[in-house]
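The following note is offered to a colleague who is beginning to read protein structures. Please keep the sequence and the model in view while working through the numbered points.

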Amino acid sequence: MIYKNPLKRIFHAAIYSINGLIFALTHEQAFRYEFCVLVMIFALVIIFAIELVWAVIFVTAWLIVMCFELVNSAVEKAFDLIDKNFRPEIKAGKDMLSAAVFVVIFLNVILWLIFVTQKLF
């Protein structure tokens, strides 16, 4: 759809984005788990009064995980439309998407380890 009013386009884009988040929260188990981790990160930041810079790093890094999960879920849905039968190429694509999420989660673990070791030593 072509919008002549840029504000109307931004409004509709925001609605589509919110709909995507709602769909992911209601239909994607991994995304729900990742949302729970985000809530726990916020709780840890508040309970332990974590410095603002670290809080921003932790929240941003975890939001990146959630972004990768959204891409993973969207592309997997597209793959499923291509062919429901087993195809090695589709499996490889799904595995690589999963690996991308794993790498970003691993990055988060490293960030937390750096933070904890910095505070302990």
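1. Burial in the chain. This is a predicted model. Of the 121 residues of the protein chain, 24% count as buried. The protein chain exposes about 8,900 Å², and carbon and sulfur atoms supply 76% of that exposed area.

2. Helices and overall form. The protein chain holds 4 helices and 0 strands, and its pattern along the sequence reads α-α-α-α. The radius of gyration is 18 Å, well over the 14 Å that the globule rule gives for 121 residues, so the chain is more spread out than a compact globule. Taken along the principal axes, the box filled by the C-alpha atoms is roughly 50 × 45 × 20 Å.

3. Contacts and charges along the chain. Consider the contacts between residues at least 6 apart in sequence: 64% of them join residues at least 24 apart. As for charge, the protein chain has 10 positive and 9 negative charges. The mean positions of these two groups are 10 Å apart.

4. A stacked aromatic pair. How many aromatic pairs does the structure hold? There are 5 aromatic pairs. One of them joins F58 and W112, which are stacked, at 3.7 Å centre to centre and with 5 degrees between the planes. F58 lies in helix α3 (residues 52-82) and W112 lies in helix α4 (residues 88-120), so this pair ties together parts that are 54 residues apart in sequence. The two partners may also be described by their accessibility: W112 is partly exposed, with a relative accessible area of 22%, whereas F58 counts as buried at 0% relative accessibility.

5. An edge-to-face pair. F58 also pairs with F115: the ring centres are 5.2 Å apart and the planes stand at 90 degrees, so the pair is edge-to-face. Because F58 lies in helix α3 and F115 in helix α4, the pair ties together parts that are 57 residues apart in sequence. F115 counts as buried, at 10% relative accessibility. The student may then wish to view the rings together, since W54, F58, W112 and F115 form one aromatic cluster.

6. The loop residue E28. Is E28 buried or exposed? The residue is found in the loop between α1 (6-27) and α2 (29-47). E28 has a relative accessibility of 17%, and because buried means under 20%, E28 counts as buried. Leaving aside neighbours within four places in sequence, E28 is in contact with F23, S73 and K77.

7. The loop residue A49. A49 is found in the loop between α2 and α3. Its phi is near 45 degrees, a positive value in a residue other than glycine. Most residues other than glycine have a negative phi. At 62% relative accessibility, A49 counts as exposed.

8. The helix residue N72. Which residues are in contact with N72, leaving aside its neighbours within four places in sequence? They are K94, L97, S98 and V101. N72 itself lies in helix α3 and counts as buried, at 6% relative accessibility. N72 and V101 are 29 residues apart along the chain, and their C-alpha atoms are separated by 7.7 Å.

9. Points to check on the model. The reader is asked to find the rings of F58 and W112, which form a stacked pair, and then the rings of F58 and F115, which form an edge-to-face pair. The two loop residues may be viewed next: E28 counts as buried, whereas A49 counts as exposed. Finally, N72 in helix α3 may be viewed together with its contacts, among them L97 and S98.

Terms used. Residues are numbered from 1 along each chain as its sequence is written. This is a predicted model: local features need pLDDT of at least 70, side-chain atom pairs count only at pLDDT 80 or more; totals for chains, interfaces and linings use all residues. Side-chain values use heavy atoms; hydrogens and water are left out. Helices (H or I, at least four residues) and strands (E, at least two) are DSSP runs, numbered from the N terminus. The radius of gyration is taken over C-alpha atoms; the globule rule is 2.2 Å times the number of residues to the power 0.38. Buried means under 20% relative accessible area, exposed over 50%, partly exposed in between (1.4 Å probe, protein chains only). Contact means heavy atoms within 4.5 Å. Accessible areas come from the Shrake-Rupley method with a 1.4 Å probe; for residues, only the protein chains shown count as cover. Lys and Arg count as positive and Asp and Glu as negative; His and the chain ends are not counted. The place of a charge is taken as NZ of Lys, CZ of Arg, CG of Asp or CD of Glu. Rings of Phe, Tyr and Trp (its six-membered ring) pair if their centres lie within 6.5 Å; planes under 30 degrees apart count as stacked, over 60 as edge-to-face and the rest as tilted.
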